[in-house]
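Let's walk through this model together, starting from one pair of charged side chains and working outward. Keep the structure open beside you as you read.

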Amino acid sequence: MTDRIEVAATELRPLLEEFIMWARANAPGSDPELVGPAALWHRLAFSQDLGTWKRADLRNLLLDRMPKVVEDPDAAADGMLPAVDAYLTFLSQTGRLNKGSDSLSDLQAELDDVEDEFVDLMEELLDDTEGDDEEGEAGDLGDFELFADELAELDTIRLRPDSELAEAARRAPLIAKARDLAVWVGSGRKVGEDTLLTDAEVEEALTAVGLPRPETEGPIAEAVPQLWNIWNLAVDLEFLEPGEAGTVAVQDDTAEWPFDDDEDVLDAWMLGLHSVDYGDPELEDDDLTMALAGLTRGMLIRLLLAGGSRERADLARDLSEAASDLDELGSDAWEAAGDPLAPAIDWLIGYGMVELDGDTVRLTPLGTEGVVHLIDDADIEVDARPAIESMSAHELLALSAELPEEEADAEFAAWMQLREPGKAAEELLEAAAADDSDALIRVQAASVVGTLGEAAIPAWQAALKQPSLRPYAATHLSQLEVEGAPEPTQDDTHWLILDMWTISAGLGRSEFVSSLRDIGPEMVNNLLEVIWKIPHAHVEELLDLISQVHPDKQVAKAARRALFKARSV
């Protein structure tokens, strides 16, 4: 499912970027950000064709799917339906609403029909969330929000290459145990209502995963919490899946773990990441167990804040005090658990996230990656970046676009030190050519490669074959006075202008209007006469945007004429 979501999100991204630009001018009262989840789940659950929308699918999407996945019910109640209305209008006006779809008016009628029910569902979710907040207002020992300020002040965290992380994940003993348990379960095993497995089956399962049989006078199923944690992990990893008529079955590719493909390995590992909570101590008294909830996450965040390692006794002292402060039963729970850190450390070692060096508990590179993902899931900012030596050119360009100029320059300088200038130029321009619609990446790459002088000539010459990079290549080769290099054409100049306008439009309406004013209405009019002919990915959106926002009515009219010509080609 993770792969399907990523593929669908990648397919949608260019369309949603165009919609955001369109919405600024045509639906300023809507929130385009609310469309993303709806469009994504429409693609995943109802139609592989992004332009096919049916009334029934729209109703099911809003009343069945969205209540399960929406992150902010309050915002959704206020803005989801207007945003979807704007998106459907955008699809219709830009010719992207397929003939197989219901008409825009029918889809809008469906939005009207479901409005009251949708808002009621969002308000119910909001009430549930507020109730949860009131009940758990103090959080638990693993509440990352308590450390948000400290996390923001951390130095940059460097994450290891995927190949290294995948190799570490392959060695995680707990995943192997989850695989072995799932393979033992087999296909279509009947499970019980009170206990999943009979005592005889539990004994077989313990043997399958290599756990000892506990000494107990009662039902064995009640004395094997570690087995059930591994069972739950197998479900999290999608090694086990519920079937029909009270059965559970192993997934087809489970026995192939550890997988050959690094991406598949890390996808699986991430699916089981929240199993860290299974490391929390389990006591006979439920209230005491709850008093230590979040202990494993609490240990992880403290390790990260300490630079990756701490003495076990210090961790125990810190978490013991936190448990006492957080819950009146915290001290009793700590004492009843005996050594509360033991199950947490054991689980994290089994999942490849920490290691013990004498009395020192240390995060592994895989553990650091996992904590950063958990922090991100909690919507808390932390400065985490790929290791310089493993950063691809595209990752470098994408990261630098979000950094202050000084920090971006430092990232580029460190990255360049690991490569010959000619090789660096080649990688950067190849990254820029990967997506014709990404003007910002293209401009950044051209700017950096432009500083490499003659060493970049072979890369520039290769870039002449790429339509999106040819204007930059011709310009720089001309500046370097390379013999036989083509002179930049007027079309090349127009392409560069369209790239600049695209970046300006991405910064917001006021920034875009300001950039047009800087050129002056006469120059803009002259450009509009010819620029519509350029096969640029964003030419139509830009012409449409100019027609909507330019303060000079004559320029706006000229932009509409140019847009008509561009769409007629």
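In this predicted model, a good place to begin is the salt bridge between the side chains of Arg385 and Glu411, with N and O 2.7 Å apart. Arg385 belongs to strand β8 (residues 384-386) and Glu411 to helix α19 (residues 405-416), so this pair ties together parts that are 26 residues apart in sequence. Are these two partners buried or exposed? Both Arg385 and Glu411 are buried. Nor do they stand alone: through salt bridges that share partners, Arg158, Asp383, Arg385, Glu407 and Glu411 are joined into one network.

How many salt bridges does the structure hold? The count is 26. Side chains of opposite charge can pair when their charged atoms come close. Another such pair is Glu110 with Arg59, whose closest N and O atoms are 2.7 Å apart. Here Glu110 sits in helix α5 (residues 104-135) and Arg59 in helix α3 (residues 55-69), so the bridge ties together parts that are 51 residues apart in sequence. Glu110 has a relative accessible area of 6% and is therefore buried, as the cut-off is under 20%. Arg59, at 30% relative accessibility, counts as partly exposed.

A further salt bridge links the side chains of Asp339 and Arg312, at 2.5 Å from N to O. Asp339 is found in the loop between α15 (330-337) and α16 (341-350), while Arg312 is in helix α14 (residues 312-326), so the pair ties together parts that are 27 residues apart in sequence. Asp339 is partly exposed, with a relative accessible area of 36%. Arg312 is partly exposed too, with a relative accessible area of 23%.

Now let's turn from charged pairs to the nonpolar side chains. The largest nonpolar core has 81 residues, and those touching the most other members are Val202, Leu227, Trp231, Phe239, Met299, Leu300 and Ile375. Which helix gives the most to this core? That is helix α8 (residues 173-185), with seven residues.

Met299 is a handy residue to select in your viewer. Leaving aside neighbours within four places in sequence, Met299 is in contact with Leu315, Leu319, Leu341, Ala344, Ile345 and Leu348. Apart from the core that includes Met299 lies another core, of 61 residues. Among the members of that other core are Val443, Ile457, Phe512 and Leu563.

Key. Residues are numbered from 1 along each chain as its sequence is written. This is a predicted model: local features need pLDDT of at least 70, side-chain atom pairs count only at pLDDT 80 or more; totals for chains, interfaces and linings use all residues. Side-chain values use heavy atoms; hydrogens and water are left out. A nonpolar core is a set of buried Ala, Val, Leu, Ile, Met, Phe, Trp, Tyr and Cys residues joined through side-chain atoms within 4.5 Å. Buried means under 20% relative accessible area, exposed over 50%, partly exposed in between (1.4 Å probe, protein chains only). Helices (H or I, at least four residues) and strands (E, at least two) are DSSP runs, numbered from the N terminus. Contact means heavy atoms within 4.5 Å. A salt bridge is a side-chain nitrogen of Lys or Arg within 4 Å of a carboxyl oxygen of Asp or Glu.
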